[in-house]
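Please find below my comments on the structure, set out as numbered points. They are meant to be read with the coordinates open.

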Amino acid sequence: MEKLNIVLILKSGGDFAFRDADLLASRISQWYTEEQRPKVYCYTDIVRSQSVFKHITLLPHPNPEWGGWWSKMILFSPELESLRPFLYLDLDSAVVGQMNSVLPCPKPDDFVMLKDFHAPTRPASGMMWIPANSKKIALVWKLWCGNPLGIAKQFRGDQDFIRSTTRPDSFWQDLAKDKVFSFKPTRQQWLTELPKGAEVVCFHGKPRPRQATSVSWV
């Protein structure tokens, strides 16, 4: 069986470091046998050539000048076609079970995003399925490449730009019902008890996972 791919993005100078990418990759790996284990790749500006570790392969980001969350726009690049279809996860995601409802995607030809946990009509980019062939993916990339500096000034972040350009075909909360959760069910409340059957918990902002270790399951 062909192994599935998971792609991460690590931009230096922010809240995250290699340890966060390696931790996420190791937590993904622990739920699978060697034969089933997805391949985890991380595009980053901290390496200049491919670097292979036990759970993760680091690949040089081809556009290190893209700052912050804009570094995620490489996910839409034709340079990643060989990895498609793939699952993208933000580094502040917690994989808390085997992702049977997520991998492979129940609708593998769909472009899938999250519903913003606090504004469900707005797509969010913390967890995405990038299909092998999609006009929507190609459109996002075409528009981004036409004016990356201008877009970065015009929009607050990548997901604002993406949702101004297109709509996802599906949402994870619909495809993987009761499997994908927010660490902050409300803005003041943390997910102190892990729901039965949970597969992915999205922290989407502060606290980051390592800042929430007072919660026993974290």
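1. Is Ser 125 buried or exposed? The model is a predicted one, and in it Ser 125 has a relative accessibility of 1%, so this residue counts as buried, the cut-off being under 20%.

2. Ser 125 belongs to strand β8, and its side chain forms a polar contact of 2.6 Å with the side chain of Asp 158. When neighbours within four places in sequence are set aside, the residues in contact with Ser 125 are Lys 72, Tyr 88, Asp 90, Met 113, Asp 158, Gln 159 and Ile 162.

3. Helix α2 runs over residues 135–146, and because 12 residues at 1.5 Å a residue should span 16 Å, the separation of 16 Å between its end C-alpha atoms agrees with expectation. At the N-terminal end of α2, Ser 134 acts as a cap, with a side-chain oxygen 3.2 Å from the backbone nitrogen of Lys 136.

4. The buried residues of α2 are Ile 137, Val 140, Trp 141 and Trp 144. They take up an arc of only 95° around the axis, and therefore lie on the same side of α2. The face turned away from that buried side carries Lys 135, Lys 142 and Gly 146, which are exposed.

5. Which elements are included in what covers the buried residues of α2? Among them are strand β8 (119–130) and the helices α3 (148–154) and α4 (158–165). It may help to read this point together with the second one, since Ser 125 lies in β8 and the side chain of Ser 125 makes its polar contact with that of Asp 158.

6. The packing of α2 on α4 can be described further: the two axes come within 10 Å and cross at roughly 115°, and the crossing is right-handed. On the α2 side, the residues that meet α4 are Leu 139, Val 140, Leu 143 and Trp 144, and their partners in α4 are Phe 161, Ile 162 and Thr 165. Val 140 and Trp 144 also appear in the list of buried residues of α2, while Ile 162 is also in contact with Ser 125.

7. A separate comment concerns Gly 97, which is placed in the loop between β6 (93–95) and β7 (112–116). With a relative accessible area of 7%, Gly 97 is buried. Neighbours within four places in sequence aside, Gly 97 is in contact with Trp 31, Ala 198 and Glu 199. Gly 97 and Leu 114 are separated by 17 residues in sequence, and their C-alpha atoms are 18 Å apart in space.

How values were computed. Residues numbered from 1 in each chain as written. Predicted model: local features only at pLDDT ≥ 70, side-chain atom pairs only at ≥ 80, totals over all residues. Heavy atoms only, no water. Helix = DSSP H or I, 4+ residues; strand = E, 2+ residues; numbered from the N terminus. Expected span 1.5 Å × (residues − 1). Buried < 20%, exposed > 50% of the residue type's maximum accessible area, 1.4 Å probe, protein only. Arc of directions from axis to C-beta. Contact = heavy atoms within 4.5 Å. Polar contact = N/O pair within 3.5 Å; in protein donor to acceptor, adjacent residues only side chain to side chain. Axes fitted to C-alpha atoms, helices over the stretch in contact; angles between N-to-C directions. Left-handed = near helix turned anticlockwise from the far one by under 90°.
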